[in-house]
Amino acid sequence: MSLVPFDPVLAVLIVPLVAAGVLALLPGYRLTARLNVLASLVTLLSALALFVVARPAPNAYFVVDDLNIVFIVLNTFVAFTTSLFSASYIAHELETGRLSTANLRFYHAMYQVMMLGMNLAFLSNNIGLMWVAVEVATLTTVMMVGIYRTHEALEAAWKYFILGSVGIALALFGTILVYMAAQPAVGEGLDAMTWTLLLRHATALDPSLINLAFIFLLLGYGTKVGLVPMHAWLPDAHAEGPTPISAVLSGLLLNVALYAVLRFKLLLAATPGAFAPGALMMTLGLLSLLFAAFMLYRRRDIKRLFAYSSIEHMGIIVFAFGLGGSLANFAGLLHMVMHSLTKSAIFYSVGHIAQVKGTQKLSEIRGLTVSHPVLGWTLVIGVIAIVGAPPFGMFMSEFLLVSTTFARAPLLAVLLVFGLLVAFGALLLRLTGMAFGEPSGSRAPATASHAPTFAHLALVLIAGIYLPPALVVWFQHVASQLG
Amino acid sequence: MDGLALDIAHLFAGGLVLVSFMLLYQDRLSALINVYALHATVLALSVAWQAYIQGAPELYVTAGIAIVFKVVVIPVALHRIIRQLGIHREVETAVGMGLTMLAGIGLVALSLAVMLQFTPGANPLAREDLAFALAVLLLGLLMMVTRRNAVSQVVGFMSLENGLVLAATGAKGMPLVVEISVTFSIIIAFIVIGIFLFRIRERFDTVDVQALDDFRGDRR
Amino acid sequence: MIDSVAAPLWCAAALLATAALAIVLGRSSAATRLVYGATTAISAIALLVAVLRLLSPAPDASSLTLPLGLPWIGAHFRLDALSAFFLVVVNLGGATASLYGLGYGKHEPAPHRVLPFFPAFLAAMNLVVLCDDAFSFLLSWEFMSLTSWALVLAHHREPESQQAGFVYLLMASFGTFALLLAFGLLSGPDGSYAFDAMRAGIHAPTTRALVLVLLLIGAGSKAGLVPLHVWLPLAHPAAPSHVSALMSGVMTKVAIYGFIRVVFDLVGEPAWWTGLLVIVLGSLTAVLGILSALMENDLKRLLAYSTIENVGVIFVSLGLALAFKANGMDMAAALALVAALFHVFNHSLFKSLLFFGAGAILTGTGTRDMDKLGGLIHRMPATSVLFLLGCVAISALPPLNGFASEWLAFQAVLLSPDLPQWALKVAVPAAGGMLALSAALAAACFVKAYGISFLSRPRTTLAEAAHEVDRFSLAAMAILATLCLAAGLLPGFVVDTLAPVTKALLGGRLPMQAESPWLSLVPVAATRGSFNGLLVFLFIALSGALAAWFIHRFGSRALRRAPAWTCGFPEFTTAMQYSAGSFSQPIRRVFGGVAFLAREQVDMPLPGDIRPARLVVSMTDLSWEAIYAPLGRVISLVADHMNFLQFLTIRRYLGIVFLLLVALLLVVAIWK
Amino acid sequence: MEMMAALAVQGVQMALVLLLAPLLTGIVRKIKARLMRRRGASIWQPYRDLLRLMRKDVVLAENASWLFRTAPYLIFATTWVAASLIPTFATGLLFAWSADLIAIVALVGSARFFLALAGMDVGTGFGGIGASREMMIASLAEPAMLLVVFTVALTAASTQLSTIAAFMASDQVGLRVSLGMALVALIMVAIAENSRIPVDNPSTHLELTMIHEAMMLEYSGRHLAMLEFAAFLRLLLYISLIACLFAPWWLASSSDGPTGYVLGIVAYLLKLLAGAVLLALFETAIAKMRVFRVPQFLGAALMLGLLGTLLLFVTRSIT
């Protein structure tokens, strides 16, 4: 259909790489912002091409299958909308002087490198390459979290770096163990690290080594997912970094790490002798859900509030995959997509709210639906969507998850519902405080780009009522594989 | 030949664990960095020896990178950072030295028990390397957990990374591109650490993690 | 086409379109008239369709599946006798509320906060009644809660409506999760969520019992059963009056529909003790509800508590139906279910009428506090007549519909000696006693409501300056009042229309009332007991007219005005009148000690101290103090204790991760 | 043809009830006076009072509303209908099946409802005190009354008065404990409803003690006549209810001819006389209770009614 053999997989990787190179050289914020949006748009289009073009055969380094095709498109779409939001957000930050063009010099380059890392992580067929991609994404986000150079930002970045790197190191050790387990069956070199071959020979893998490897991988990538004992970096990284980065962190990076855990769970499900990781994942999931739910009550900073809400939702998703069964897995996958769309939409409006009100303190933000109707109501709709109320998409995933859990493990379902209710109480309490009542602070109209937020919420609303059959088939196929 | 080669590899790996213990024992920063350089050299030797035994020429590249960066560049950079930032010299520990040593021994025993139990199938060389790598990894973590100042945490982290490189070389036939990119990313990590240490120094005028902790977000 | 499920679905879609239109219209002045006009028309059409479906003898239910909702199941919709009846209740309430809104809406300070959500609320209620699979049922159920939450927050500037909104949505989602768990049980691990699959499935007795308890929690909290009722008196008064009429009159009925649909239709054979549980809860709700209503001084809160009482009465009848069905007495079960459904219809009528009246008072005087009203009968004559009719109906006095449904409930109670179980033998008469007590207290409560607000002399300038409301509000109230009278005079007609519902759910039905002589109500047998509303009404009217004619003919007609007798006190101030609190003081003395731990302390100043003595009355809402306050304290305590985990140092976080890793390795090493 | 006869009997019943009511109260007042060693007014005095009041003109308060003026007729009508539905001298009346015992109790309840409202209309303290205390008493008396109705209806397996009377007259009834309790409860409720001595003093206008009189304080002329007549009717209603339920002998059924009716009427008069004498005796023998002791009094009636129903449930399953 086109002259040059257009391979979307390569395009999705090359475009951010080239863009990063170009953006690193260009000074001046206005031009780089537009270029950044353009690059993200091109990446999105090439990712969308994956739907149209026949799927390329998996080679040594890249693979496109039912699991990652949806997440690549989601990743590039949210990256594109975040770039739009970041353009207007950073422009405002420059005006108010919180950021200078000096320390913004590498911002867009870092942004594109992060995109490269994430896309590579999704596309890579090689577990080692995936590890490197996640490491690259982590390092770039560490730099961006510390961009404001305030005391808190540096402390948050340093904490994020140390905890992230330890986590990633554990993940590397897990990857090496998987390689060791695969070596006798699949042979040495690249083959022992490529997913497709590992899956094909899964029956021959050494089960005991795979179990040990999964523990390291779950702890390693779990740190990047933000599961409770390893979550400490997440709230501060969200609160102190610029809001586009919080949106990317919550929306995409958590998904990337979770995708990695899913890949290895696929492997584990295929290995007969391996012990079921369900119990461990369910405990970590419930622990995160309950811990985050209770921590929501004492939060005083709006972005830290939604960071803990991300931990809570990651807990729900990991619990869903831990429970297993086609319905719960389907619910988990759906929840991942819905959470990233809704949470990034919430962070877009939170970003604008923090700018307009000049503060991130919950106590100083009141009466949004009166002072800034559009921002206020998008926040209300966002929070209603995130707590899993119909007619938004999260309701379907929570419906499936809670009903199957109650049918199979009633006590766990009661715990799950208790966690959800406690979290809902906290979010609703803060939302009522922020969105309603007498407005406080400045009432200057917000010069904000609402397009990304509306796009996300519209998608979530549609998904709540009608899911495209293609997506359903893919997810059901993966859900049955996940075991 | 096989027995002797195994013993020498065993010697190097054991030596790495011993140097990790020495790292735990240091109480002055400059001495700590020198012991880290020693740690890196033992790693390089072990990798070189693995290359010789497995007849895998690309491992020499990893050994070379290890020597160039980890034995020379990183310790020198750390020394300059200490001198330039005027960081006070002692290493404050959060947990008593005796207790840390005991914990270290326990960790080594645990890693040996776990790895040897889990890898009956693999060849003896790989099993040993993995066991010792896990030990070095856990000791690195122990060091990060029990030290107060930032530089000693960084050294702990780098020794942890060395354990990983040992594990990677132990796994016969680990593809070169992964080796290279793993070591490469560790180097980038170190660059980021350097930048941060300067920024922290510029803002906090001390690199003591204690001062850093006072600025935890959303304080009570 | 009439009896197919497509017609009401189109009406629901039209309502959603009106909601979208309202958002687009935003703050333009014509929006109020346009939106309420549209909703009136659509609800009227849906009402017509539902009535035709209910009257037409179409035995089979028509169902439809749309490709929306759960991908592999789709959204099922079904219109059978039960949903047709509740569709009538919903759309009748909807039509009259929108008609009332046409007039009342003009005084709304922030119309843009009410208009988009009102049609969506109506659409959601219509959908709940039509849905035939667990997912779309819960989706429209929670959507109903969401839209009503937004409406409760219409006047969001007052802090108490914010608190009302928060408590309401939290309790609503708690209820929805209970329902979700119940549907999880019914659908089983493989997730067959369609209702017909659940109907066909065989469920273990423990599942059936657990589903019923979960339904009691889920639907009960939405309807207002006692321990879960605390949100209702907060939320209903906070919403604009026509919305609180919808919430009290119609939304609680949709909750009862949910209960009936699952317990009677999906679950199959109930255990006998479930009936006992429902009867006990229902009678407790009835008495506690009306006692709290008596203690209220705010008119709309009084009406909200009285809704709780009527919901209690309905649940007692439902419990009786369950008990009879469990023992295979289909005829008695049919009688009890007809009593419940008749009371559902009646309550939606007179409660909406009373809330419209309260709304009229609010626009007329600007306040809901009864102690500021008084003498409105002279200044708002039309509203006072209609409100009086509502009060007479709700107090279950003979010529009107309240008495008819309560009479049926008593007939059902009188059938209960044939029940074999001992617990039921003791519980049913006690429940009958509690029903009678709550009916008597309801009469007292509405004497107070009417007497204090409409009769006697205006207590404040607000009441003096009261003015009559516009014709739309009066029209809406008049429609409901005439329906109350009609249902009271011709109860046989209503019982006949309910027959197909009981036939579908319980198999048995009451004998045809149409053949009974003079259209009287003969539920079981003529010798057993019958009641003819029309004849009694004519009898009273005739004898009243005869007496009036006789006196005016033979006695005197003279009449003159003079000041009222106040024991000779010179000035006749309004403070001498009884206030709301003083009217309920005797009843508080009798019942308050038990129900509210009511304590009265007289704070008498020391001799020589000239400050006035004060009487302090302290009452506690038992369920709030026993369940919700401690729950709130526990959660904030746990949140406090866990809060330090946000402020640890990096080293300690690393330590936690390190300990977890070591622990896992130990477990794996030992356990493997 | 027999439709006309039934209609005639019903007409006689309504007229009889109307005529006897003032006489009954006159007799009660006469006997009470005699017991207190006073001559007391003649037994026809209530008739003279009613006629006198009907001819006097009505003095209305300034702010009295239309409810104040229409309430008396409504109250009189409902009480008269309730009284005429209770079989006095004959059962199986034409309109008997149009309303059963529960409906009659509800009719009396609606009369009380409108009286309380009328009492509050004028806005003086007395109306308020009367209405609030009346509703407090009603909130206990009505459930007790309904429980009595339950007990009786469960024994006779019907709530239709004529069926109950027929059952009570038949020998199946036997001596039952629950019926005894029902009788005592019914008497206590009758005393409370008719505001007789222990609950409320019918003849006094003392602010603190009057309940029923307080609501009628503002009335005058023909309206007062209507309310007084309603009060007389209510007393007759309760006594004929007790007679019909617990002493249903010689009630003429629709089948036996005029002799049965005459016998029925004579028996009914005797029953009324007995009731009046017993009431007068009871009233002079007991002093008025404090207002907040009345709830215990009525609580006892409620408990008796509930116990009666419970016992009945239990005994039925044993026999």
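In which kind of crossing, left-handed or right-handed, does helix 15 of chain C pass helix 17 of chain C? The crossing is right-handed. This is a predicted model, and the report returns to that helix pair after the chain contacts.

## Chains C and D

Of the 4 pairs of chains that touch, chains C and D share the most contacts. The contact involves 72 residues of chain D and 67 residues of chain C. On the chain D side, seven elements are to be named, each giving at least two residues: helix 2 (45-55), strand 1 (58-61), helix 3 (66-85), helix 4 (101-121), helix 5 (125-156), helix 9 (221-246) and helix 11 (294-318). Helix 5 of chain D gives the largest share, 16 residues. By class, this side of chain D has 43 nonpolar, 18 polar and 11 charged residues.

Strands also pair across this boundary. Strand 3 of chain C, residues 559-562, is joined to strand 1 of chain D by 4 bridges. The two strands run parallel. Within this pairing, Leu559(C) has Val58(D) as its bridge partner. Strand 1 of chain D thus appears twice: it supplies at least two residues to the side that touches chain C, and it is bridged to strand 3 of chain C.

## Chains C and A

Chain C also touches chain A. Here 48 residues of chain C meet 52 residues of chain A. On the chain C side, the elements giving two or more residues are helix 5 (134-152), helix 6 (159-187), helix 23 (622-643) and helix 24 (650-671). Helix 6 of chain C supplies the largest share, 14 residues. This side of chain C divides into 33 nonpolar, 11 polar and 4 charged residues.

Which chains have no contact with chain D? Chain A is one of them: the closest C-alpha atoms of chains A and D lie 40 Å apart. Chain B is another, and the closest C-alpha atoms of chains B and D lie 56 Å apart.

## Inside chain C

Back to the helix pair. Helix 15 covers residues 381-394 of chain C, and helix 17 covers residues 422-453. Their axes come within 9 Å and cross at roughly 165°. Angles over 145 degrees count as roughly antiparallel, so helix 15 of chain C is roughly antiparallel to helix 17 of chain C. From helix 15, the residues that meet helix 17 are Phe387(C), Leu388(C), Cys391(C) and Ile394(C). From helix 17, they are Ala442(C), Phe446(C), Ala449(C) and Tyr450(C). The contact has 8 nonpolar residues, no polar and no charged ones.

A strand pair gives another view of chain C. Strand 4, residues 599-603, is joined to strand 5 of chain C by 5 bridges. These strands run antiparallel. Arg599(C) has Ser618(C) in strand 5 as its bridge partner. How many of the 5 residues of strand 5 of chain C are buried? The count is 0, and the strand, residues 614-618, is hardly covered.

## Chain B

Chain B has 8 helices and 0 strands. From the N terminus on, its elements run α-α-α-α-α-α-α-α. The chain has 220 residues, and 48% of them are buried. Take the contacts in chain B between residues at least 6 apart in sequence: 72% of these join residues at least 24 apart.

## Backbone details

Two residues of chain D other than glycine have a positive phi. The table sets out their values.

| Residue | Phi | Other C-beta atoms within 10 Å |
|---|---|---|
| Arg37(D) | near 60° | 7 |
| Ser195(D) | near 50° | 19 |

Arg37(D) sits in the loop between helix 1 (2-35) and helix 2 of chain D. Is Arg37(D) buried or exposed? Arg37(D) is exposed, because a residue with 12 or fewer other C-beta atoms within 10 Å counts as exposed and Arg37(D) has 7. Ser195(D) lies in the loop between helix 7 (177-193) and helix 8 (212-215) of chain D. With 19 such atoms, Ser195(D) is partly exposed, because the buried class begins at 20.

Chain A offers a peptide bond of note. A cis peptide bond joins Pro390(A) and Pro391(A), with omega about -15°. Pro391(A) is placed in the loop between helix 15 (373-386) and helix 16 (393-408) of chain A.

How values were computed: Residues are numbered from 1 along each chain as its sequence is written. Chains are lettered from A and ligands numbered from 1 in the order in which they are written. This is a predicted model: local features need pLDDT of at least 70, side-chain atom pairs count only at pLDDT 80 or more; totals for chains, interfaces and linings use all residues. Two residues are in contact if their C-beta atoms, placed from the backbone, lie within 7 Å. Ala, Val, Leu, Ile, Met, Phe, Trp, Tyr, Cys and Pro count as nonpolar, Asp, Glu, Lys and Arg as charged, and the others, Gly among them, as polar. Two strands pair if DSSP finds at least two bridges between them. Axes are lines fitted to C-alpha atoms, for helices over the stretch in contact, and angles run from 0 to 180 degrees between N-to-C directions. Angles under 35 degrees count as roughly parallel, over 145 as roughly antiparallel, 65 to 115 as roughly perpendicular and the rest as oblique. A crossing is left-handed if the near helix is turned anticlockwise from the far one by less than a right angle, and right-handed if clockwise.
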